[in-house]
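Hi everyone, thanks for making time for this. I'd like to walk you through one model this morning, so let's put it up on the screen.

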Amino acid sequence: MNYAIAAYVATAIIWIIYFVWLGRRIRRARED
Amino acid sequence: MSIELPRWMGGVGRALWAAALLMLAISLWMIVARAPIEAQMGIVQKIVYVHVPSAIMTLLAFGLTFAASIAYLTTKSWVWDAIAASACELGLVFATVVMVTGPLWARSAWNTWWTWEPRLTTFLILWILYAGYHVVRASLHASARRTVSSILGVVLFVNLPIVWKSVEWWRGSLHPRNVTMTGEMRETLLFSMAAWFVFLAAAFVTRLRVEWAREAARERDGAPARQAAPGRVSA
């Protein structure tokens, strides 16, 4: 796979993982 | 100070997200369709359009952590601690993007994934130290957490000028000293930076909501030093 495509896909994956985690924390904090 | 979520935060957050997503979409279009393919490196050079803005956003976010940490130590207002922690977390995510995209670029440019040259080494140290900030923060009770985190936020800032100047201070640096571009390449890079800046602002407002919700919960429970439940990450 081209490294440029890999870099952009990796960037998207990192941010998606972060925001899924952040969303779960926001929900949990509201429930508390 | 009231711990109700400010009304403006919802509206500003939505507006920032709309602007950020639109700008990132335009930026991606510019990277794919507008910026020319570099003669020597080919398409791999386009990694620069995400790598450099992410590095700049890392420094901005950690810079905000530094300023907010000083403000917390001065005023002892929890809002500054919330700002410092939120900025630091986003800075670490941007730094992770830098750490992942850098080796992909290096594999083509230097024929190696990693080399212990000054910029890469100092940035890795920066990443480890700011990751440590969150580890320390999560391991402390609320009463000590804010003060210790703020002291760390100030002390760790020393690393930023070292990373910035590493390519000048040490010999044998392979990393480009600065990015010199012209025409459509320059426009694409500048627009990407603007897009990631708005993205940082949007994510920052969203991240602040966690701190606001936690502070509201602490206020309701009347237990400011409440310990995180087992298995939960406490920021």
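I'll talk about the contact between chains A and B, then a pair of helices, and then a few single residues.

One thing before we start: this is a predicted model.

Let's begin with the contact. Chain A puts 16 residues into it, and chain B puts in 20. On the chain B side, the elements that supply two or more residues are α3, residues 78-109, and α7, residues 183-221. Which of the elements gives the most to that side? That would be α3(B), with eight residues. If you sort the chain B side by class, you get 11 nonpolar residues, four polar and five charged.

Now have a look at what α3(B) meets across the way. Its partner is helix α1 of chain A, residues 3-31, and the two axes come within 9 Å, crossing at roughly 165°. An angle over 145° counts as roughly antiparallel, so that is how α1(A) runs relative to α3(B). As for handedness, the crossing of α1(A) past α3(B) is right-handed.

Here are the residues, if you'd like to follow along on your own screens. From α1(A) we have A:Y3, A:A6, A:A7, A:A10, A:T11, A:I14 and A:Y18. Facing them from α3(B) are B:V93, B:T96, B:V97, B:V100, B:T101, B:L104, B:R107 and B:S108. By class, this helix-to-helix contact comes to 10 nonpolar residues, four polar and one charged.

Let's stay with α3(B) for a moment. How much of this helix is buried? Of its 32 residues, 26 are buried, so the helix is largely enclosed by the rest of the structure. Its length works out too: at 1.5 Å a residue, 32 residues should span 46 Å, and the end C-alpha atoms are indeed 46 Å apart.

Helix α2 of chain B, residues 48-75, passes the same kind of check. With 28 residues, α2(B) reaches 40 Å from its first C-alpha to its last, close to the 40 Å expected.

Next, what comes just after these two helices? After α2(B) you find B:K76, with a positive phi near 60°. B:K76 is not a glycine, and its place is the loop between α2 and α3 of chain B. It has 12 other C-beta atoms within 10 Å, and since 12 or fewer is the cut-off, B:K76 is exposed.

Just after α3(B) comes B:N111, where phi is again positive, about 60°. B:N111 isn't a glycine either. You'll find B:N111 in the loop between α3 and α4, the latter being residues 118-139 of chain B. Buried or exposed, then, for B:N111? It counts as exposed, because it has 8 C-beta neighbours inside 10 Å.

Last stop: B:T206, which sits in helix α7 of chain B. B:T206 has 19 other C-beta atoms within 10 Å, and because a residue needs 20 or more to be buried, B:T206 is partly exposed. Setting aside neighbours within four places in sequence, B:T206 is in contact with A:L22 and B:G13. So one partner belongs to chain A and the other to chain B. There is also B:W17, which is 189 residues away from B:T206 along the chain, yet their C-alpha atoms are separated by 9.4 Å.

That's my tour. Thanks for listening, and I'm happy to go back to any of the views.

Technical notes: Residues are numbered from 1 along each chain as its sequence is written. Chains are lettered from A and ligands numbered from 1 in the order in which they are written. This is a predicted model: local features need pLDDT of at least 70, side-chain atom pairs count only at pLDDT 80 or more; totals for chains, interfaces and linings use all residues. Two residues are in contact if their C-beta atoms, placed from the backbone, lie within 7 Å. Helices (H or I, at least four residues) and strands (E, at least two) are DSSP runs, numbered from the N terminus. Ala, Val, Leu, Ile, Met, Phe, Trp, Tyr, Cys and Pro count as nonpolar, Asp, Glu, Lys and Arg as charged, and the others, Gly among them, as polar. Axes are lines fitted to C-alpha atoms, for helices over the stretch in contact, and angles run from 0 to 180 degrees between N-to-C directions. Angles under 35 degrees count as roughly parallel, over 145 as roughly antiparallel, 65 to 115 as roughly perpendicular and the rest as oblique. A crossing is left-handed if the near helix is turned anticlockwise from the far one by less than a right angle, and right-handed if clockwise. The expected span of a helix is 1.5 Å times one less than its number of residues.
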